[in-house]
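Please take a moment with the sequence and the model below before reading on. The paragraphs after them are meant to guide a first look.

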Amino acid sequence: MSEIIVSTTPTLEGRPAKEYLGIVTGEVIVGANLFRDLFASVRDIVGGRSGAYEDVLQRAREQAIGEMRMRAATMGANAVVGVDLDYEVIGSNGSMLMVSASGTAILY
């Protein structure tokens with residue numbers, strides 16, 4: 001499988017779309033670790049950044065985009081344009097993070 005280009009722009013400069021194949025999505029839900037939560041809340045009190053949360057967020061974003069790319073590839077696309085990333089805290093006590101990526105699969 002060749003690399004699927006992913007862009008937040010509605011078009012790819014110099015590469016006009018030959019065919020719009022449809023909407024593709026990728027979703028990831030990750031649970032928060034109790035010890036990481038405790039450490040992050042201490043960091044929030046004393047200031048600074050929470051590297052643990054930043055790492056989890058980065059991995060979840062990469063996984064959601066990867067899932068979206070795979071779905072685009074199965075449709076025969078070689079790019080996804082107009083990509084939007086959404087983040088949502090879910091669960092009864094906000095203990096889970098959902099990252100979703102969506103866009104339009106195209107063939108250029």
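What follows goes from the overall plan of the chain to the pairing of its strands.

The model shown here is predicted, and its chain contains 2 helices and 4 strands. Followed along the sequence, these elements come in the pattern β-β-α-α-β-β, with the two helices in the middle and a pair of strands on either side of them.

The chain has 108 residues, of which 26% count as buried, and it exposes about 6,800 Å², with 56% of that area supplied by carbon and sulfur atoms. If one takes the contacts between residues at least 6 apart in sequence, 78% of them join residues that are at least 24 apart.

The strand pairing can be traced with strand 4, residues 96-107, as a guide. Strand 2, which covers residues 19-31, pairs with strand 4 in the antiparallel sense over 12 bridges, and within this pairing Ile23 has Thr104 of strand 4 as its bridge partner.

Strand 4 also pairs with strand 3, which covers residues 79-90, again in the antiparallel sense, this time over 10 bridges. Here Glu88 stands opposite Met98 in strand 4, a position the reader can look for when following the two strands through the model. Strand 3 and strand 4 form a hairpin with 5 residues between the strands, and in this hairpin Gly91 takes a positive phi near 100 degrees.

Definitions and conventions
Residues numbered from 1 in each chain as written. Predicted model: local features only at pLDDT ≥ 70, side-chain atom pairs only at ≥ 80, totals over all residues. Heavy atoms only, no water. Buried < 20%, exposed > 50% of the residue type's maximum accessible area, 1.4 Å probe, protein only. Contact = heavy atoms within 4.5 Å. Areas by Shrake-Rupley, 256 points an atom, 1.4 Å probe, with all protein chains shown as cover. Pairing = 2+ DSSP bridges.
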